Amino acid sequence: MDDEAKQLTELLATDLDGGFTELVRIHAQVVHLFLLRVTGSAAEADDLGQDTFLRAYTALRGYSGDRRRALLPRAWLLTIAANVWRNHVRTSVRRPVSAMRVEDAEDLWSDGRPGPEERAATAEDRGRLVSALSQLPEIYRVPVVLRHVMGLSYGEMAQVQGCPVGTAKAQVSRGLGHLRRLLEPQEAVRKDVAM
């Protein structure tokens, strides 16, 4: 745990309200970015982010000071965010609503940090990558976003996903394989046209 995380958990242990304010200040952008990447909608990411922090505060109120000190704040919050998103998906299946298409939201996804979209050479490539990412099943989309967009280590990913490290690695590998397969047919067509 780095010094900033230690200071934050100590503050949470001694002053919950002040510590929670600092927790939100430090990690709100990370939680929002994760939710934006998995939902494809800024409005949904905002709503789910608020729900994430509400659940986090409620949980922290029930924790002892020692348990608050032992937290790994980023991984803990992303675990809550992933669970909030999964609950939202389950609810949405039962009560579908119209939403913005992922392709229409691709411009909202840029946060200035290098990620898969910055590696794409053109806007067309970026759009294809965003579209392919949205086609991945949840079991692969979440791990790919956590690893390659959020930059979590495999250990942090395993904690967020509630699985062994080996499983987290396998999910990322399989997710990247699916992304390659989704993108390959378009690459073959582009090469044929160029010849």
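Let me start with helix α9, which spans residues 138-149 in this predicted model, and in which Tyr140, Arg141, Val142, Pro143, Val144, Val145, Leu146 and Val149 are buried. Following α9 you will find Gly151, and its phi is positive, near 75°.

Helix α10, at residues 154-161, has as its buried residues Met157, Ala158, Val160 and Gln161. These four lie on the same side of α10, because the arc they cover around the axis is only 165°. What follows α10, and what is the sign of its phi? The residue is Gly162, and its phi is again positive, near 70°.

Let me turn now to charged pairs. In general, side chains of opposite charge can pair when their charged atoms come close. How many salt bridges does the structure hold? There are six, and I will go through some of them.

One of them returns us to α9, where Glu138 forms a salt bridge with Arg86, with 2.8 Å between the closest N and O atoms. Since Glu138 belongs to helix α9 and Arg86 to helix α5, which covers residues 73-94, this pair ties together parts that are 52 residues apart in sequence. Is each partner buried or partly exposed? Glu138 is partly exposed, at a relative accessible area of 27%, whereas Arg86, at 17%, is buried, because the cut-off for buried is under 20%.

A further salt bridge joins the side chains of Glu10 and Arg69, at 2.9 Å from N to O. Here Glu10 sits in helix α1 and Arg69 in helix α4, residues 65-69, so the pair ties together parts that are 59 residues apart in sequence. Glu10 is partly exposed, with a relative accessible area of 34%, and Arg69 likewise counts as partly exposed, at 33%. Through salt bridges that share partners, Glu10, Asp66 and Arg69 are joined into one network.

While we are on α1, which runs over residues 3-14, let me add that Lys6 also lies in this helix and is partly exposed, its relative accessible area being 47%. The C-alpha atom of Lys6 is separated by 8.8 Å from that of Ala70, although their positions lie 64 residues apart along the chain.

Finally, there is a salt bridge within a single helix: the side chains of Asp51 and Arg55 meet at 3.2 Å, N to O, and both residues lie in helix α3, residues 42-62, four residues apart, or about one turn of the helix. Asp51 is partly exposed at 25% relative accessible area, and Arg55, at 39%, also counts as partly exposed.

Methods
Residues are numbered from 1 along each chain as its sequence is written. This is a predicted model: local features need pLDDT of at least 70, side-chain atom pairs count only at pLDDT 80 or more; totals for chains, interfaces and linings use all residues. Side-chain values use heavy atoms; hydrogens and water are left out. Helices (H or I, at least four residues) and strands (E, at least two) are DSSP runs, numbered from the N terminus. Buried means under 20% relative accessible area, exposed over 50%, partly exposed in between (1.4 Å probe, protein chains only). The arc is that of the directions from the helix axis to the C-beta atoms. A salt bridge is a side-chain nitrogen of Lys or Arg within 4 Å of a carboxyl oxygen of Asp or Glu.
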